[in-house]
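Me: I am new to this structure and would like a close, friendly look at a single part of it. Please take me through that part slowly, and then show me how it fits with the rest.

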Amino acid sequence: MGGSLLALLDLHLAQPDANGDEAAAAMAEMMLRMLGVPADEALDIADRPLPAHG
């Protein structure tokens, strides 16, 4: 999991113009699948908006 986060951060630093939201959603989906969440459910969860903060 830590390596996946480092890879996402490395991508952001190497390609700052890339769409960060899409990359983060794809990474979240992959991490959920690594944890055993079924593919369709992982995609649904990763595409949900984040809750409001504060």
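The part I mean is the largest pocket. How do the residues of its lining divide into nonpolar, polar and charged?

Reply: The lining of the largest pocket has eight nonpolar residues, three charged ones and no polar ones. Please keep in mind that this is a predicted model, and that the values here are computed from it.

Let us begin with the space itself. Rolling a probe the size of a water molecule over the atoms shows where empty space is left. The volume of the largest pocket comes to about 210 Å³. If you would like to find its lining in the structure, start with Asp-21, Ala-24, Ala-25 and Ala-28, which are among the lining residues. Further along the sequence, the lining also includes Ile-45, Ala-46, Asp-47, Arg-48, Pro-49, Leu-50 and Pro-51.

Now for the helices behind those names. Two of them, α2 (20-34) and α3 (39-47), each give at least two residues to the lining. Helix α2 has the largest share, with four residues. Both belong to a protein with three helices and zero strands, in the order α-α-α along the sequence.

Ala-46 is a good lining residue to pause on. This alanine lines the largest pocket and sits in helix α3. Is Ala-46 buried or exposed? Ala-46 counts as buried because its relative accessibility is 16%, and the cut-off for buried is under 20%. Looking across from here, the C-alpha atom of Ala-46 is 9.7 Å from that of Met-31, although 15 residues separate the two along the chain.

A second pair to look at is Met-30 and Leu-43, which are 13 residues apart in the chain and have their C-alpha atoms 8.7 Å apart. Met-30 belongs to helix α2. Its relative accessibility is 48%, so Met-30 counts as partly exposed.

Next comes Arg-48, another residue of the lining. Side chains of opposite charge can pair when their charged atoms come close. Here Arg-48 makes a salt bridge with Asp-44, and 3.1 Å separates their closest N and O atoms. A search of the whole structure turns up one salt bridge. Asp-44 has a relative accessible area of 41%, so this partner is partly exposed.

Moving from the pocket to the surface, you will find a nonpolar patch formed by Met-1, Met-34 and Leu-35, with about 340 Å² of accessible area together. Leu-35 lies in the loop between α2 and α3, the two helices that also supply residues to the pocket lining. Leu-35 counts as exposed because its relative accessibility is 61%.

Finally, step back to the whole protein. Its C-alpha trace spans about 30 × 30 × 20 Å along the principal axes. Of the 54 residues, 15% are buried. The accessible surface comes to about 4400 Å², and carbon and sulfur atoms account for 61% of that area.

Technical notes:
Residues are numbered from 1 along each chain as its sequence is written. This is a predicted model: local features need pLDDT of at least 70, side-chain atom pairs count only at pLDDT 80 or more; totals for chains, interfaces and linings use all residues. Side-chain values use heavy atoms; hydrogens and water are left out. On a 1 Å grid over the protein atoms alone, a cavity is a set of points where a 1.4 Å probe fits but cannot get out, and a pocket is an open set with protein on both sides within 12 Å along at least five of seven lines; lining residues have an atom within 4 Å of a point. Grid points are joined across faces, edges and corners, and a volume is the space filled by probe spheres set on the points. Ala, Val, Leu, Ile, Met, Phe, Trp, Tyr, Cys and Pro count as nonpolar, Asp, Glu, Lys and Arg as charged, and the others, Gly among them, as polar. A salt bridge is a side-chain nitrogen of Lys or Arg within 4 Å of a carboxyl oxygen of Asp or Glu. Buried means under 20% relative accessible area, exposed over 50%, partly exposed in between (1.4 Å probe, protein chains only). Patches are made of residues with over 30% relative accessible area and no salt bridge: like charges are joined within 9 Å, nonpolar side chains (Val, Leu, Ile, Met, Phe, Trp, Tyr) within 5 Å. Accessible areas come from the Shrake-Rupley method with a 1.4 Å probe; for residues, only the protein chains shown count as cover.
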